[in-house]
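Reader: I have a protein model open and I would like to learn how to read it. Could you walk me through some of its features?

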Amino acid sequence: MNKKVLVSAFALSMVFGLTGCSSEKPEEKKEDTKVFEKKEEKKEEKKEESTDAVLVREISSKTYTVTIPQLTSFYTPSRDGLEVKTEVNEQQISYTLEDEFGDFKMAIYVNPISAESAEAYANRINEGFKDDESKQYKPSTVGDFSGFRKVTTSENPSFKCKDNLLLDFESVDGSAVVMSVTVEQFNDTDTADMEVAMKAILDNMKVEVK
């Protein structure tokens, strides 16, 4: 009898022991799942943080790195409902701001250019337009920035205005870098936003040269 009781008790203890172990395993899996989900969330947050537009371009044995934060973080158009697109290629950083009906469009282009100075570059272009001052670059300022500027307007019915500023921009290490900032506007004769957008870009742009 005693042996049978002992065997029964031992068997029951094994059953309870197994039940206890099996109940712990799902809890560990749940905790592992939570940890995995948190890691995934952190990865997504990091992706969202990288919103800067960065252009790396080699000119005359030098590497220019132009960095501009997300456009809408420092510039708000006066018009509502514009879709903003950013593109970076081998030559420039470009932005397009357009409404869904195509009644308004603005394009912005930013790129470093190869020249000994903005003045020398502007003078070289002006040589080709000696008889037409309207197509020449002239000394101008935008906010705290000075350079050489040319504004042209087409007579096309859809209207197009182009504002281009060449300037000796101060890089991160303090050296002068020749930059070109261009703003174009289509389909709207109210050009008040053009200079505001150009100034906002200049105020928030950083350039490194190596």
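**Reading the model step by step**

Author: Let us begin with two rings: both phenylalanine 145 and phenylalanine 169 are buried, that is, under 20% relative accessible area, where over 50% is exposed and in between is partly exposed (1.4 Å probe, protein chains only). Please keep in mind that this is a predicted model, where local features need pLDDT of at least 70, side-chain atom pairs count only at pLDDT 80 or more, and totals for chains, interfaces and linings use all residues. Residues are numbered from 1 along each chain as its sequence is written, and side-chain values use heavy atoms, with hydrogens and water left out.

Reader: How many aromatic pairs are there by the pairing rule?

Author: A pair of aromatic rings is described by the distance of the centres and the angle of the planes. Rings of Phe, Tyr and Trp (its six-membered ring) pair if their centres lie within 6.5 Å; planes under 30 degrees apart count as stacked, over 60 as edge-to-face and the rest as tilted. By this rule there is one aromatic pair. The ring centres of phenylalanine 145 and phenylalanine 169 are 6.0 Å apart and the planes are at 10 degrees, so this pair is stacked. Phenylalanine 145 belongs to strand E7 (residues 145–153) and phenylalanine 169 to strand E8 (residues 160–170), so the pair links distant parts of the chain, 24 residues apart.

Reader: What are the helices and strands in the protein chain?

Author: They are DSSP runs, numbered from the N terminus: helices are H or I with at least four residues, strands are E with at least two. The protein chain has three helices and 10 strands, in the order α-β-β-β-β-β-α-β-β-β-β-α-β along the sequence.

Reader: Which residues line the largest pocket?

Author: Rolling a probe the size of a water molecule over the atoms shows where empty space is left. On a 1 Å grid over the protein atoms alone, a pocket is an open set of points where a 1.4 Å probe fits, with protein on both sides within 12 Å along at least five of seven lines; lining residues have an atom within 4 Å of a point. Here the lining includes Lys62, Tyr64, Asp168 and Val209. Strand E9 (176–186) and strand E2 (62–68) each give two or more residues, and E9 has the largest share, with three residues.

Reader: Is serine 180 buried or exposed, and what does its side chain contact?

Author: Serine 180, in strand E9, is buried, with a relative accessible area of 7%. A polar contact is a pair of N or O atoms within 3.5 Å; within protein, one must be able to donate a hydrogen and the other to accept it, and residues adjacent in sequence count only if both atoms are side-chain atoms. The side chain of serine 180 makes one with the side chain of asparagine 164 (3.0 Å). Likewise, arginine 79, in the loop between E2 and strand E3 (83–88), has a side-chain polar contact with aspartate 188 (2.9 Å).

Reader: Where is serine 61, and what is its phi?

Author: Serine 61 sits in the loop between strand E1 (53–59) and E2. Its phi is near 65 degrees, a positive value in a residue other than glycine. Serine 61 is exposed, at 82% relative accessible area. Phenylalanine 159, in the loop between E7 and E8, also has a positive phi, of about 65 degrees, but counts as buried at 14% relative accessibility.
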